[in-house]
Amino acid sequence: MQNHILAVVSILKDSKGKFVSGEKISKKLSISRVGVYKIIKKLIVDGYKIERHKKLGYKLVEIPFSPEDLLKKSSFLAKIIFLKSTSSTMDVAKEFIEEEKNYDKVLIIAQQQHSGKGRLERKWFSPKGGIYFSLILKPNVLPYEIFMLNYVFSLSVVETAKELYNIEVFTKWPNDVVSKDNKKLCGILLEVDSEIDKVNYCIVGVGINVNIDGKFFKKHSLFATSFYELTGQKLDLTEFMITLFKYIEKNYKLFEQKKFKQLSEFWISHSSTIGKEVEVQTLTQTIKGKAIDINSQTGALLIKTSFGVKEILSGDCIHLR
Ligand code: BTN
């Protein structure tokens with residue numbers, strides 16, 4: 001039965017959002033049409049959204065996220081807390097750290113958030129269909145090196161998109177992943193608790209627009225897009241997360257080994273920022289010029305301005321040309 005269930009899911013996935021008749025599935029698997037119907041009913045109970053049409057058959061609309069499969073396939077993660085809905089996974093992560101001793105590599109993931117947080121006190125829209133998680137880490141690095149985690153996570157999203165959907169997306173300084181037309185696909189929020197020379201913990205918050213309809217961004221006037229918009233398909237969130245964590249594990253190893261030069265060069269090779277005319281707004285000033293490089297020790301952006309090269313550690317970056 002289990003093999004047949006997996007086979008039906010795979011046939012429906014391969015049909016890329018189109019209907020597949022019960023007859024076709026039954027012939028492919030050499031089972032009766034009643035057998036196919038029973039499997040479809042079981043999948044619906046398990047959280048799959050499947051449209052049924054008398055003549056056309058079945059169409060896969062949504063695959064549920066499976067934290068069990070992610071934990072099984074990812075040797076990196078220690079524990080997963082999966083929430084249907086929460087205020088912000090950042091808050092849940094903080095509560096977890098206060099209550100538990102072992103919090104390294106614990107993942108808090110939510111289907112939706114009603115008070116999602118972005119950088120600079122902004123709101124992070126978190127409707128169902130996206131990926132919203134906070135990963136707690138206890139890396140043995142210096143506090144100023146934590147910035148490099150932006151690169152670890154944004155690069156991993158870029159590599160995931162290439163492997164799974166063969167699409168090219170780009171890292172944008174400091175903490176974004178964007179599409180070819182510069183629309184936001186993913187944002188990263190770092191919260192750190194540290195002493196002068198030691199990091200106690202870091203919470204990496206990641207929001208990825210996966211299965212979100214373009215109408216949502218329009219309605220909220222967001223310059224953003226989703227992987228659904230880019231591929232034209234509703235994507236499997238479990239598959240996305242398993243692949244993402246394969247790359248996070250690889251890139252996090254480089255980070256722990258302090259191979260920052262390698263990480264920065266890799267980030268630059270996928271960046272849409274370097275080489276562009278930019279305007280960066282920091283807390284105290286606005287800097288205009290050409291983004292020319294990254295300081296591989298701190299992750300700071302180097303901007304060539306008419307007053308010389310300026311090094312910016314954090315800020316809001318707009319691409320001008
Ligand atoms: C940004 O680009 O401003 C960063 C956005 C970070 C959003 C994620 S979603 C999961 C985690 N929980 C939050 O409330 N925020 C981060």
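**Ligand site and sheets in a predicted model**

Biologist: Which residues come nearest to the ligand?
Modeller: In this predicted model, Ser88, Gln113, Lys117, Arg119 and Lys184 come nearest, out of the 21 residues around the ligand.

Biologist: What does the side chain of glutamine 113 do there, in terms of distance to a ligand nitrogen?
Modeller: An N or O atom in the side chain of glutamine 113 is 3.0 Å from a nitrogen atom of the ligand. The side chain of threonine 89 also has an N or O atom 3.0 Å from a ligand nitrogen.

Biologist: And lysine 117, how far is its backbone N or O atom from the ligand oxygen?
Modeller: That distance is 2.7 Å, and for lysine 117 the atom in question belongs to the backbone.

Biologist: How much of the ligand's area does the protein bury?
Modeller: The protein buries 98% of the 420 Å² that the ligand exposes when taken alone.

Biologist: Which pocket does the ligand sit in?
Modeller: The ligand sits in the largest pocket. The elements that give two or more residues to the shell around the ligand are α5 (89–99), β5 (131–137), β8 (184–195) and β9 (198–208).

Biologist: Which of them gives the most?
Modeller: That is β8, which gives four residues to the shell around the ligand.

Biologist: OK, on to the sheet with β8 in it. What is the strand order?
Modeller: The order is β3-β4-β5-β9-β8-β7-β6, which makes an open sheet of seven strands with mixed pairing.

Biologist: Why is one side of β3 and of β6 left without a neighbour in the sheet?
Modeller: Because β3 (79–86) and β6 (170–172) stand at the edges, each has a single partner strand, and one side of each is left without a neighbour in the sheet. From one strand to the next, the twist averages 20°.

Biologist: How many bridges join β6 to β7?
Modeller: Three bridges join β6 to β7 (residues 176–178), and the two strands run antiparallel. Within this pair, threonine 171 stands opposite valine 177 in β7.

Biologist: What about the loop between β6 and β7, which proline is found there?
Modeller: Proline 174 is found in that loop, and the peptide bond leading to proline 174 from tryptophan 173 is cis, with omega near 0°. Most peptide bonds are trans.

Biologist: And just before β6, where is asparagine 166 placed?
Modeller: Asparagine 166 is in the loop between α6 (149–165) and β6, and the phi of asparagine 166 is near 55°, a positive value in a residue other than glycine. Most residues other than glycine have a negative phi.

Biologist: Switching to the five-strand sheet, what is the order there?
Modeller: The five strands form an open sheet in the order β13-β12-β11-β10-β14, with antiparallel pairing. Since β13 (308–312) and β14 (316–319) stand at the edges with a single partner strand each, one side of each is left without a neighbour in the sheet. Neighbouring strands of this sheet are turned by 45° against each other on average, direction ignored.

Biologist: How many bridges join β10 to β11?
Modeller: Five bridges join β10 (residues 277–281) to β11 (residues 286–294), and these strands run antiparallel. Valine 280 stands opposite isoleucine 287 in β11.

How values were computed: Residues numbered from 1 in each chain as written. Predicted model: local features only at pLDDT ≥ 70, side-chain atom pairs only at ≥ 80, totals over all residues. Heavy atoms only, no water. Pairing = 2+ DSSP bridges. Axes fitted to C-alpha atoms, helices over the stretch in contact; angles between N-to-C directions. Near = heavy atom within 4 Å. Polar contact = N/O pair within 3.5 Å; in protein donor to acceptor, adjacent residues only side chain to side chain. Areas by Shrake-Rupley, 256 points an atom, 1.4 Å probe, with all protein chains shown as cover. 1 Å grid on protein atoms, 1.4 Å probe; cavity = no way out; pocket = protein on both sides within 12 Å on 5 of 7 lines; lining within 4 Å. Sits in = over half its atoms within 2 Å of the grid points.
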